[in-house]
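Here are some notes from my pass through the model, as numbered points. Have a look at the coordinates alongside them.

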Amino acid sequence: RPREKSDFWSKSPRVAMPAAANPSVSREISEGRKQLPAAKAKNEFLRIMKQSEEIGKRVSLVTGATGCGKSTQLPQFILEDQPGYA
C-alpha cells in the first residue's frame with residue numbers, strides 16, 4: 001500500500017504557501033481557460049451567484065459535462081470577481 005510506505009502523510013508541511021486570490025497566469029494557461037465551456041458561461045454564472053446571494057440563497061447547483069471546468073474554473077471566477085472571499 002503506497003500510503004504506508006510514504007512518510008508524506010505523517011509529516012506536517014514546514015512552510016505553507018500563501019493563498020493568492022488572483023495569481024498572475026501564464027498566457028498559455030489563460031488561453032486554455034478561454035477554450036473551456038465554463039468560460040462561455042462565466043458572466044451568466046457570476047450573475048446567478050450574485051442574484052442568489054441577494055435573495056439569501058447560499059447554494060447553487062451547477063451541472064456540466066466532464067472536463068467543462070465546473071470544479072476548476074467556477075471557483076476561479078468567484079475569486080477573480082470577489083477577491084475578498086479568499
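1. Start with Glu 80 and Lys 42: their side chains form a salt bridge, at 3.5 Å from N to O. The two residues sit 38 apart in sequence, with Glu 80 in helix 5 and Lys 42 in helix 4, so this pair ties together distant parts of the chain. Keep in mind that this is a predicted model.

2. Where does Lys 42 stand on accessibility, buried or exposed? Neither, really: Lys 42 has a relative accessible area of 26%, so it counts as partly exposed. Glu 80 gets the partly exposed label too, because its relative accessibility is 24%, and the buried class stops under 20%.

3. Glu 80 has another partner. Its side chain also meets that of Arg 33 in a salt bridge, with 3.0 Å between N and O. Again the link spans distant parts of the chain: Glu 80 belongs to helix 5 (residues 73–81), Arg 33 to helix 2, and their positions lie 47 residues apart in sequence.

4. Arg 33 deserves a point to itself. You will find it in helix 2, which covers residues 27–35. Despite its charged side chain, Arg 33 is buried, because its relative accessible area of 17% falls under the 20% cut-off. If you want a distance to check, take Arg 33 and Thr 72: they are 39 residues apart in sequence, and their C-alpha atoms are 9.6 Å apart in space.

5. Helix 4 and helix 5 are linked a second way, through Lys 50 and Asp 81. The side chains of Lys 50 and Asp 81 make a salt bridge with an N to O distance of 3.3 Å. Lys 50 lies in helix 4 and Asp 81 in helix 5, 31 residues apart, so these too are distant parts of the chain. Both ends are partly exposed: Lys 50 has a relative accessible area of 37%, and Asp 81 comes out at 31%.

6. How do the bridges add up? Arg 33, Lys 42 and Glu 80 belong to one network, joined by salt bridges that share partners. Across the whole structure, the search turns up four salt bridges.

7. Staying in helix 4, take a look at Ser 52. The helix runs over residues 42–54, and Ser 52 is part of it. Is Ser 52 buried or exposed? It is buried, because its relative accessible area is 13% and the limit is under 20%. Once neighbours within four places in sequence are set aside, Ser 52 has contacts with Lys 57 and Ser 60.

8. On to pockets, and to the second largest one, whose volume is about 230 Å³. It is lined by 14 residues, and those closest to its centre are Ala 41, Phe 45, Val 62, Thr 63 and Leu 74. Helix 3 (37–40) and helix 4 are the elements that contribute two or more residues to this lining.

9. Which element gives the largest share of that lining? Helix 4 does, with three residues. By residue type, the lining of the second largest pocket splits into nine nonpolar, three polar and two charged. If you plan to look at this pocket yourself, Phe 45 and Leu 74 are among the residues closest to its centre.

How values were computed
Residues are numbered from 1 along each chain as its sequence is written. This is a predicted model: local features need pLDDT of at least 70, side-chain atom pairs count only at pLDDT 80 or more; totals for chains, interfaces and linings use all residues. Side-chain values use heavy atoms; hydrogens and water are left out. Helices (H or I, at least four residues) and strands (E, at least two) are DSSP runs, numbered from the N terminus. Buried means under 20% relative accessible area, exposed over 50%, partly exposed in between (1.4 Å probe, protein chains only). Contact means heavy atoms within 4.5 Å. On a 1 Å grid over the protein atoms alone, a cavity is a set of points where a 1.4 Å probe fits but cannot get out, and a pocket is an open set with protein on both sides within 12 Å along at least five of seven lines; lining residues have an atom within 4 Å of a point. Grid points are joined across faces, edges and corners, and a volume is the space filled by probe spheres set on the points.
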